[in-house]
Amino acid sequence: MCLFALDKLLASCLLEIERCDNLKKLDVLKSTLFGKNGKVTEIMKELRNLDDSQKHKVGAEVNGLKNCIMEKLNAKFRELEVKELDKRLSSEFVDVSMPSRPEYSGKLHPLTKVEEEVSDILSSYGFVFAEGPDIESEYLNFTALNIPDHHPARTMHDTFYVHKLADEKGRRLLRTHTSPVQIRAMLENGAPCRFFSVGHVYRSDYDATHTPMFTQIEGLMVDQTVGFSHLKWIVSDFLKKFFVVKRMRVRFRPSFFPFTEPSAEVDISYDMRDGKMFFGAGEKWLEVCGCGEVHPNVLKYGNVDPEKYQGIAFGFGLERLASLKYGIPDLRGYFESDESWMSAFGFSHFAR
Ligand code: PHE
């Protein structure tokens, strides 16, 4: 074996390694040198054929060559690995400070928003939330509210009956108002008490200002000395807070409900300026509430002694309040699940 040839081989290998510019090629090169039939492997094999005197000297040379090439190869591997990593890092760079893509986010239904506003105000007077079922008995929806059988008010309500259901409490029906919750609350908790309820009610009626299902807010307060002055203050203050105005002009008009005596309907005053409604002033009036002192018969049905206790009650339409406050024209939109309607009238969750 010629030592000169070894030197030449070493020089050419080192040059080849030096010129190599990617890891794949370097891998191939490595196997052409150190693989089964690689150049360096072949030389190592040849060592076996040398006689002992040569073996020692040439063996040391070949080993030196092998180590030298190995070292150079490993250094190149490290160099190329770092280079390729750098290349990847710069091509896959993510700018975390970039603004994010606009994302579609759902909106709060105006009725949800208004229900929260109403609940907040009524809770601040110490009223506690009470509930009743949508499918109610004739007894609680009418009889216990001082609307006896064959009373004309029963037909006034355009009731949906659930014909298959009936028992000693009468037929089942879709409640026509939330007032049955008054009876439920009194029977459950006795007097004194302060309750409010928000829930769906049903009447067979459908046009721009009436939907067969809508939402009522009901308030009830029973105590020993509660009377019409409390009712006037609560309703007026509620309206002032709800419409966020310093002064609210309200008008209590005598009216009739079988379950309250005396009864009133409440109007708020407003003014139209540039097609917009402004509440609290002006000469126009809008009805927003029915209310009154709870009829003694109703207290009795609620197991409350009318000789000892008096009650006041009021009812609002939630859609009506929402429409007036947020300028939503047609009641039907509330229940049509129309996306463009929601994006026009819905509220951001941060508006809570
Ligand atoms: N329940 C009545 C209605 O649906 C509203 C009302 C509630 C009136 C409480 C007086 C007191 O029209």
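A polar contact is a pair of N or O atoms within 3.5 Å. Keep that cut-off handy for these exercises on a predicted model.

**Exercise 1. Work out which side chains make polar contacts with the ligand, and how much of the ligand the protein buries.**

Solution.
- Step 1: Start with H177. An N or O atom in its side chain is 3.1 Å from a nitrogen atom of the ligand. The cut-off is 3.5 Å, so this pair counts as a polar contact.
- Step 2: Go on to R203. Here an N or O atom of the side chain sits 2.9 Å from an oxygen atom of the ligand, and that pair passes the cut-off too.
- Step 3: Try Q216. One of its polar side-chain atoms is 2.9 Å away from a ligand oxygen atom.
- Step 4: Now for the area. On its own, the ligand exposes 320 Å², and 90% of that is buried by the protein.

**Exercise 2. Describe the shell around the ligand: where the ligand sits, how many residues surround it, and which strands supply them.**

Solution.
- Step 1: Find the site. The ligand sits in the largest pocket.
- Step 2: Count the neighbours. There are 14 residues around the ligand, with H177, S179, R203, Q216 and E218 the closest.
- Step 3: Sort the shell by type. You get five nonpolar residues, seven polar ones and two charged ones.
- Step 4: Look for the strands. At least two shell residues come from each of β6 (213-223), β10 (284-294) and β11 (310-317). β11 gives the largest share, with three residues.

**Exercise 3. Decide whether T215 is buried or exposed, and find its side-chain partner.**

Solution.
- Step 1: Place the residue. T215 belongs to strand β6.
- Step 2: Check its area. The relative accessible area of T215 is 4%; buried means under 20%, so T215 is buried.
- Step 3: Find the partner. The T215 side chain makes a polar contact with the side chain of E319, at 2.5 Å.
- Step 4: Follow E319 into its helix. α11 covers residues 318-326, and E319 is one of its buried residues, along with L318, L321, A322, S323 and L324. After α11 comes G327, with a positive phi near 65 degrees.

**Exercise 4. Classify Q224 by its accessible area, and say how far its C-alpha atom is from that of P306.**

Solution.
- Step 1: Locate Q224. You'll find Q224 in the loop between β6 and α9 (228-242).
- Step 2: Classify it. Q224 has a relative accessible area of 45%, which falls between 20% and 50%, so Q224 is partly exposed.
- Step 3: Look across to P306. Q224 and P306 are 82 residues apart along the chain, and their C-alpha atoms are separated by 9.4 Å.

Note on methods
Residues numbered from 1 in each chain as written. Predicted model: local features only at pLDDT ≥ 70, side-chain atom pairs only at ≥ 80, totals over all residues. Heavy atoms only, no water. Near = heavy atom within 4 Å. Polar contact = N/O pair within 3.5 Å; in protein donor to acceptor, adjacent residues only side chain to side chain. Areas by Shrake-Rupley, 256 points an atom, 1.4 Å probe, with all protein chains shown as cover. 1 Å grid on protein atoms, 1.4 Å probe; cavity = no way out; pocket = protein on both sides within 12 Å on 5 of 7 lines; lining within 4 Å. Sits in = over half its atoms within 2 Å of the grid points. Helix = DSSP H or I, 4+ residues; strand = E, 2+ residues; numbered from the N terminus. Nonpolar A, V, L, I, M, F, W, Y, C, P; charged D, E, K, R; others polar. Buried < 20%, exposed > 50% of the residue type's maximum accessible area, 1.4 Å probe, protein only.
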